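Trainee: Could we go through this model together? I should like to start with the empty space inside and then turn to the backbone.

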There are 2 protein chains.
Amino acid sequence: MRTHLCGLIDESLIGQDVTLCGWVNTLRLQSHVAFVDLRDHEGLAQVVIERENDAAFAVAGELGYEFVVKVTGQVRKRLSANDKLRTGTVEVLADKVEILNAARDLPFALHESPNEDLRMTYRYLDMRRPEMQKMMRTRTALVRALRRYLDAAGFQDIETPILTKATPEGARDYLVPSRVHPGQFYALPQSPQLFKQILMMAGFDRYYQIARCFRDEDLRADRQPEFTQLDLEFAFVEERDVQDFVENLIRHVFREVREVELDAVFPRMTYEEAMRRFGSDKPDLRIPLELVDIADAVKHVEFKVFSGPANDPAGRVAALRVPGAAELSRKDIDGLTEYAAKYGAKGLAWLKVDDLAKGRDGINSPVAKFLDDAALAQVLTLTGAGTGDIVFFGAGAWKTVTDFMGALRIRLGRDRGMVENSWKPLWVTDFPMFEYDEEEKRFVALHHPFTAPKVDDIAELRANAGVAVSRGYDMVLNGNEIGGGSIRIHRPEMQSAVFDLLGIGEAEAEAKFGFLLKALRLGAPPHGGLAFGIDRIAALMAGTESIRDVIAFPKTTSAQDLMTDAPSQVSEPQLKELHVRVAAAEPAKA
Amino acid sequence: MRTHLCGLIDESLIGQDVTLCGWVNTLRLQSHVAFVDLRDHEGLAQVVIERENDAAFAVAGELGYEFVVKVTGQVRKRLSANDKLRTGTVEVLADKVEILNAARDLPFALHESPNEDLRMTYRYLDMRRPEMQKMMRTRTALVRALRRYLDAAGFQDIETPILTKATPEGARDYLVPSRVHPGQFYALPQSPQLFKQILMMAGFDRYYQIARCFRDEDLRADRQPEFTQLDLEFAFVEERDVQDFVENLIRHVFREVREVELDAVFPRMTYEEAMRRFGSDKPDLRIPLELVDIADAVKHVEFKVFSGPANDPAGRVAALRVPGAAELSRKDIDGLTEYAAKYGAKGLAWLKVDDLAKGRDGINSPVAKFLDDAALAQVLTLTGAGTGDIVFFGAGAWKTVTDFMGALRIRLGRDRGMVENSWKPLWVTDFPMFEYDEEEKRFVALHHPFTAPKVDDIAELRANAGVAVSRGYDMVLNGNEIGGGSIRIHRPEMQSAVFDLLGIGEAEAEAKFGFLLKALRLGAPPHGGLAFGIDRIAALMAGTESIRDVIAFPKTTSAQDLMTDAPSQVSEPQLKELHVRVAAAEPAKA
């Protein structure tokens, strides 16, 4: 249908006849000549249609933006080259112009930035925009580079089911009623976790899959009801085997796709260190700000807001120095206080060092008066605060202080342009095995219930469950958890003990995970692995904040596909066949 | 955890210490020595444990089949080599033996062929069998070869949604209730058909995806509720562009994966010819038998069973000669008659040529007496029947005769060992655009409603809808439809006309396919593509009849996963959140 692609014609074709197909990107009709920029996925070509060519010129008069046309003509040198265009030194003098399809009443022009609902409704128009084409290509390139590397390393790409059993791994399942088995349901997988473990028990040794996963969660801006992960699993490995391998994998894809050379060795940090220094288990190391614990300095002060938590083993008093930020206004600080409040802060104490040389007189702070000279001096020493700096303080329960001070660190780093333009990967390790859920009064798994603890001894785990550390690990990049994994439990007794500690009784464990327990008793090898969030890595690589820019047909935050209008109502007979009925809406609670 | 893989140790390692991990494949305990064949995904290694090594020998005493063990020891030359084993010239003299996991009360031994339910329930054991490992590897290799080729050809691998809108394409949808939108449902895609068309309208030019598809059908042995297809689409193409490309693709993967060189040019056959000569739209060309139309020869005979259909434009009288099969017994023929009856035959006339030279006296047939000499001679000439051959006859409605004679052809070809051991691909083209559904009294689409007709003129299509031919095409291999595709409708007026002819009214078209019609009006390029059935191609390549051998976790014919026990009941609160209730079972109709 075409001999060449629009974006690829060049001077080597001068004098040759070519046939191009594409979309009308721009159109200039003059009395004696028409100029059409024709666009395909490779780029633009200028087409010239002269009045002498009656038939073609008549067609030109009918054209509009985004019409699909086929043009045959001769390539010639352009009188004045357009440097901005790859094809800018040539043009096609049209011999024949044919409209393959019209485009009328465009809801928006391609060079506009319409609102996101409009983009989603007319996704086919939105994706024609060169920036969308480029971002989607980045994703394709990422997935291709991942596959290549894994194929070469002897991994087997194996598909696991989408229609599967409800296995509670934290989030809500999407359910699918069975027609053949009335009253029974499939669940869409939250991840292929158990299937990949079973594959290791089936002797596959090294497995991967670009796997679709589903979580029926209330969506935040960066979540989708269905998302894609690179799922990996290895038999007969320990932590470092997995980590070293995937570090090389990630370095490889950044090199291939972005021509970026990541650190030769990724830094490693325990969960405890990450929370202490950065107030986050996914620290953004591009921001050169750190939390400092000052409890020792303020244990003895009268000021209970500080000394209370400083003397409480479950408390924390942390300081965050921001260099050169003494210039922050009262209003700025009020804004930050409000922001920290969202993360649980009851207030935000601060201290500006107007002039370090002047001692206490050079300090501007509502809380300085509560600190004796020794305490003040120690705080200044510990934080390293100098003239022109501001120090923020957080005091209270350990987790709350850590969270809001971590959030504040990110916010200040961004607001003050302190985010380095670089790639900062790291490993976070030694996660707690369990978190105590105060509401449910029981332990919950920090990773998932199949993560192995560091201790091999079951009695020891039971005795110290509250402080037990798991064999889980996360890969973090620029403040995003891009991958998470663990060494799994491979002994049936340990798996049963962990279920028990999580409050999953024997009967429940058997009903939900019976097949896993059975498989563990029939020759399960030690194994471990990891899953990468493809949408997020693609977005990072494509340089966009939104994963929706690297998903062809994403859903809105209310889980709708605006283009096809899904979900939608279905017919009564369809539901009857599936043995379900829509439940009458219940009145909202008062 | 290991230094080498069991199946890869060789004489170059003699004298070296190695550590192997694997499963106990076989075990021979003697008074002074124990032999363990240790298995991993690469194969077997013989481990020798001598009594002098007290600790190791004690562990050997505890071992059983399928235990997972770690062995450290020295590689040495074997006294008597085992030719059947890749590692048969060496063995490992164990220094240390460690049990990593036990395997007790195995439901079956790996060398057994347990029934399929048992295989599915303990899929992790079943898949450890070397033949399953090999078949699954063939699938992996197929998918990898497909991707490589398509990546190199500039196709973009783009994921389309799994949670989507119900789009009736023939089969029943699996539905997913929405929690956020009470009373509304997503559907799992029967194929990414509309999304891939939209991608062409979005300017992607060439797309592929290894896509999971879902059909809630009553399952036959070779169907699965979820299956995998290679989905391809091209912008700005015509039939031959697609066909030539995918022919090369399929040739490439057979060469890569099976070292088989397929025909340099695949034969091409219209739907009409395939039905006429082979009684099937997916003819198995490995069987050298053909149907012959003999209506002209029997139009004038008294025998109404033949002359009736012979004179009816909607009838067919077909003959099938089977060389050398005059030896078939009455019982054999009764069996074949019963078989043909399943496909609609009311009876099966036959004619044996005992001795052609003897004329009518050399013919043994219950129907010969109804044929005058001219008719008999013509039948013999048309079928080419000679001494020792049998000819079967089918007479009646065109479709019925074609179906049962086609089925008979396959059955006889198999029974009589006439299936060539070869690969016979072909294209079937020129499918009818519509089939008339007698029950629903309306046209239904033979491919799907988005397939373009050969005629461009809407009035012409409307006038001759019953005989209109589509731009669809199937790739057939050894009697299997392995791929099907078409050039799609890209003009909105034509799409509306086809919907109309299919009895899909304007309101329904708008509700179900409004987004497609809208997209067609906003600059849709001509486009077409194809989808390959990956499960079937993998099964063919792996040399198995059952697609379940190339699916890691297949479902039974009643759509159950016996390993995880899905589908299963879910809790009331879960259903309540999804705004559905299980409908009370209704009493079966009398």
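Mentor: We shall take cavities, domains, nonpolar cores and backbone geometry in turn. Please keep in mind that this is a predicted model.

Trainee: How many cavities of 30 Å³ or more does a search of the whole structure find?

Mentor: The search finds twelve cavities of that size. The largest cavity holds about 440 Å³ of space.

Trainee: Which residues lie nearest the centre of the largest cavity?

Mentor: Those are R147(A), I210(A), R147(B), E159(B) and I210(B), out of 24 residues in the lining.

Trainee: And which helices and strands each supply at least two residues of that lining?

Mentor: In chain A they are α4 (130-152) and β9 (206-214), and in chain B they are α4 (130-152) and β9 (206-214).

Trainee: What is the lining made of, by class?

Mentor: Eleven residues of the lining are nonpolar, three are polar and ten are charged.

Trainee: Changing topic, how is chain A divided into domains?

Mentor: Domain 1 covers 6-101, domain 2 covers 120-267 + 526-580, domain 3 covers 287-415, and domain 4 covers 432-469 + 491-524. The C-alpha centres of domain 1 and domain 3 of chain A are 64 Å apart.

Trainee: In the largest nonpolar core, which residues touch the most other members?

Mentor: They are F532(A) and F532(B), in a core of 184 residues. Leaving aside residues up to four places away in sequence, F532(A) has contacts that include L230(A), L232(A), V246(A), M475(A) and I537(A). Another core, of 28 residues, lies apart from the largest one, and L63(B), F67(B), V71(B) and A103(B) are among its members.

Trainee: Now the backbone. Where are the cis peptide bonds to P567(A) and P567(B)?

Mentor: One runs from A566(A) to P567(A), with omega near 0°, and one runs from A566(B) to P567(B), with omega near -5°. P567(A) is in the loop between α16 (534-542) and α17 (572-577) of chain A, and P567(B) is in the loop between α16 (534-542) and α17 (572-577) of chain B.

Trainee: Why would one single out a cis bond or a positive phi?

Mentor: Because most peptide bonds are trans, and most residues other than glycine have a negative phi.

Trainee: What is the phi of E259(A), and is that residue buried or exposed?

Mentor: Its phi is near 55°, a positive value. E259(A) is in the loop between α6 (239-258) and β11 (268-270) of chain A, and its relative accessible area of 72% makes it exposed.

Trainee: And what about D430(B)?

Mentor: D430(B) also has a positive phi, near 55°. D430(B) sits in the loop between β17 (425-429) and β18 (434-437) of chain B, and counts as partly exposed at 26% relative accessibility.

How values were computed
Residues numbered from 1 in each chain as written. Chains lettered and ligands numbered in written order. Predicted model: local features only at pLDDT ≥ 70, side-chain atom pairs only at ≥ 80, totals over all residues. Heavy atoms only, no water. 1 Å grid on protein atoms, 1.4 Å probe; cavity = no way out; pocket = protein on both sides within 12 Å on 5 of 7 lines; lining within 4 Å. Points joined across faces, edges and corners; volume = space filled by probe spheres on them. Helix = DSSP H or I, 4+ residues; strand = E, 2+ residues; numbered from the N terminus. Nonpolar A, V, L, I, M, F, W, Y, C, P; charged D, E, K, R; others polar. Domains from an automatic or database assignment. Core = buried A, V, L, I, M, F, W, Y, C linked by side-chain atoms within 4.5 Å. Buried < 20%, exposed > 50% of the residue type's maximum accessible area, 1.4 Å probe, protein only. Contact = heavy atoms within 4.5 Å.
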